[in-house]
Each structure stands twice: as structure tokens, then as C-alpha cells.
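I opened the notebook today with two things to look up: enclosed empty space and salt bridges. Here is the structure I worked from.

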Amino acid sequence: MPRWLPRAMVLALALIAVFQLGSWAFHQLTGLLINILIAFFLALAIEPAVSWMASRGMRRGLGTGLVFLAVMIFSAGFVTLLGSMLAGQIITMVEGFPGYIDSVINWINTHFKTELRRVDIQEGVLRSDWLRNYVQNSATGVLDVSAQVLGGLFQLLTITLFAFYFAADGPRLRRALCSVLPPARQAEVLRAWEIAVNKTGGYLYSRGLMALISGVAHFILLEFLDVPYAPVLAAWVGLVSQFIPTIGTYLAGALPMLIAFTVDPWYALWVLIFVVIYQQFENYVLQPKLTSKTVDIHPAVAFGSVVAGTALLGAVGALIAIPAIATLQAFLGAYVKRYDVTDDPRVQGHRRQAPGTGLVTRARRVWGRLRAAESGAPGSGADCPSGASDGSGAGASSEPDEPGEGSADERS
């Protein structure tokens, strides 16, 4: 056995062990890494406001705390108003639910000649097995819901804490990062950081603008239908549909439909139709224009980045995909050498054609041939029979001379 073989085997086993340990640690810390990533982009989003306060002489920690306090007050007020509205509407629906049941039973009895009664239906539901199983499963599921709520609160606290440190100690973090890099690399890192701040701010600006437009549009509809709590519902639709990816549209539209159903069931249908139509308008008209202008990426690239982010990190990936791709595109754009584009018409999508091969030219040529054939057919049909009917010189003169025949002068 060569001397190097045992050492090579030990080194290979050590590398495999280190790789397995690193993979296990990465999978265990995936949740923490995602929280840190969210906190980093949140810090980038509030960086302009914190920098503006710091430039006016305020400490960065105090400015960051004020920004977070304003966000928390707005969120708490919105959730309180929404919760009180939702609780009141649920109470109203529960009180009026027997009336809805009676109206449905009367409609069924009238149209289908049945004799249903609400008391019989209630007794059948209360004594059914599926209701008993549902209550048992709900009792055991309360603990799961409570654990998920506590986990969500802890995750929110973690994100808030990291975002506060990233925003308050931004200059110190950049200084520590640049201290381990040469001067040329330091300039690139600082430029990438500035691009990330601008792109993330632009993305949030576009989302906020779309939330405002969506809220105003839905407020007009709800106010026209005389649905109660129209301002709160409009704000709910605007915020949830824009800042919760993938399922935000359905969550946003469900609550106004529910409230409109308590007023008139037909109003819920009108709200559903409006939500679907507005969503198509937003997806194909409004969102591509605003996203391409504020984040400066192509709408197709934005859509593809959202799909890829959702596949990689779920809802979090869909939320941070667009600013991340915009930052990467703007940073790499400085290292791509560009040239002047020639005036070749093929650049604009026009095909180069040879002279006389155009569609119009060929159509004119075919039309000319058809006209010539139509104009020449009667004359040729009249001359040929006359020449063939008699053997006179008039008919024979049209035939060419045979070889050796002709006048005496030609033969001489």
C-alpha cells in the first residue's frame, strides 16, 4: 500500500463528514436564514427614511425606532378597525342566519314540491356523525393553531430585531464588510448596496401606488353598492392584494364579498365580478407598467422572477424576488460591454427582401398575366378557325416557310 493512500482516505472521509455536517446545519438553520434575508430587505426598504433623519442630526437608532413605531401604530390601528368590523359583521350574520335558512327552505319547497322544515334539518345536523368528528378534530386542532400563532409571533419578533440592527447599524455593517476587502472591491460593494436600496425602495413604492389605486377603485364600488365599512374594506383589499403574494388577491376579495352578502346576495356577485376584472387589468396593464418603471426590469423578467422565487422560498421568495433580480440586473449591467447597434432593418423586425419579391409586386404580376390572358383569348380563338377552314394563301401565309422555300432573290 502506498504511503499516501491512508492519508488520502482519511482526508476523503473527513471531507465527506464536513459536507454532511454542513448540509445538516444548513437545513436546520434554513428558517433563521430566511428570517435574516427578510430582515435585510426590510432594512433596505426603510434605509432612505433613516438616512434622511440621520442627515438632519438625529441618531440612526432613534430614527429607526421612530420608523418602526410608525409602522407598528399603523398596523395595530388597521388590525383593530378590521377586527371590530369583522366581529360586528359575523354577529350580524349569525343573528340573521335562521332567516337565510328559512328563505332557502321556502324556495326549495316552492320549486320542488317538498315539505322540508328547519327544525328537522337542525336535528339532523346536530345528530350527524360528521359534526361530532368535526368538533373532536377542532378541539385537537386548537393546540396546533395556538402553536402556529406563537411561532409566527416569534418569527415576527426575530425579523423585526434583525431589521432594526441592519438599519440602525448600517454604516458600521458596511464598514466591517469593507474592512476585509481591497479598495477596488470596497467600491463595488458600496455601489451594490446603494443599488439594492434604490431598487427595494422603488419596488415598495410601486406596490404602495398599486395598493392606493386598488383601494380607491374598490372603495368607489363598495360605496356605490352602499356596503358598510367601505373605507376599511378598500384599505384591506389594497394592502393584502399587493403585499401578500399568490393568495393575496383571493384573501383580499373574500372579505368584501362576505360583507356585501350580508347586505344583498347579489352585491356579493357584483363584487366578485369587479375583483376578477380589476385583477386582470392590474396584471396585464397596471402592474407591468409600474414595475418596469420603478424597478426598471422587463415585465416578463418580473413575472419569471416571481415564479422562480415562489418555487425556491415560497411566499417569501415571491415577495423579495423582484427587488433582488432588479438589484442583480443593475449591478451586472455595469460589467457588460455594450456597442452601438447598426441600422440594419432586421434589428427592428423587418425582413430584407430582394427587388421584385414583395407580396404587392407578385400580386401585380399575377394580375397582369390574368388580364393579358383574358384579353388575348377571344382574338386567338377567332383567327385559328378561319386559318384552318380554308387552304388559301391567307391561312397558309401565317405558317412559317419551310427550309429551302422562299423567293428567287432569297435563293440567289
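My entries on cavities and salt bridges follow.

**Entry 1: the model.** I note first that this is a predicted model, so I read everything below as computed from it.

**Entry 2: counting cavities.** I began with the empty space inside. Rolling a probe the size of a water molecule over the atoms shows where such space is left. I found 2 cavities of 30 Å³ or more.

**Entry 3: the largest cavity.** I read a volume of about 60 Å³ for the largest cavity. Which helices supply at least two residues each to its lining? I listed helix 7 (183-224), helix 8 (230-243), helix 9 (248-263) and helix 10 (265-294). Helix 10 gives the largest share, with 4 residues. Among the lining residues I jotted down Ser-214, His-218, Ser-241, Gln-242, Thr-249, Tyr-278, Gln-279 and Glu-282. By type, the lining of the largest cavity splits into 7 polar, 4 nonpolar and 1 charged.

**Entry 4: the second largest cavity.** I then turned to the other space, which holds about 40 Å³. Its lining is made up of Phe-40, Ala-43, Leu-44, Glu-47, Phe-166, Ala-167 and Trp-193. Helix 2 (30-55) and helix 5 (129-168) each bring at least two of these residues, and helix 2 contributes the most, with 4. Here I counted 6 nonpolar residues, no polar ones and 1 charged.

**Entry 5: a salt bridge at Glu-47.** I met Glu-47, from the lining of the second largest cavity, again when I searched for salt bridges: its side chain pairs with that of Arg-60 at 3.1 Å, N to O. Arg-60 sits in helix 3 (residues 60-112) and Glu-47 in helix 2, so this pair ties together parts 13 residues apart in sequence. Are the two partners buried or exposed? Arg-60 has a relative accessible area of 15%, so I put it down as buried. Glu-47 is buried too, at 8%.

**Entry 6: the other salt bridge.** My search of the whole structure gave 2 salt bridges. Besides the pair above, I noted Arg-185 with Glu-188, at 3.2 Å from N to O. Both residues belong to helix 7 and lie 3 residues apart, which means about one helical turn separates them. I checked accessibility here as well: Arg-185 is partly exposed at 47%, and Glu-188 is partly exposed at 23%.

**Entry 7: for my own recall.** Helix 7 turned up twice in my notes, in the lining of the largest cavity and as the home of the Arg-185 and Glu-188 pair.

Technical notes
Residues are numbered from 1 along each chain as its sequence is written. This is a predicted model: local features need pLDDT of at least 70, side-chain atom pairs count only at pLDDT 80 or more; totals for chains, interfaces and linings use all residues. Side-chain values use heavy atoms; hydrogens and water are left out. On a 1 Å grid over the protein atoms alone, a cavity is a set of points where a 1.4 Å probe fits but cannot get out, and a pocket is an open set with protein on both sides within 12 Å along at least five of seven lines; lining residues have an atom within 4 Å of a point. Grid points are joined across faces, edges and corners, and a volume is the space filled by probe spheres set on the points. Ala, Val, Leu, Ile, Met, Phe, Trp, Tyr, Cys and Pro count as nonpolar, Asp, Glu, Lys and Arg as charged, and the others, Gly among them, as polar. A salt bridge is a side-chain nitrogen of Lys or Arg within 4 Å of a carboxyl oxygen of Asp or Glu. Buried means under 20% relative accessible area, exposed over 50%, partly exposed in between (1.4 Å probe, protein chains only).
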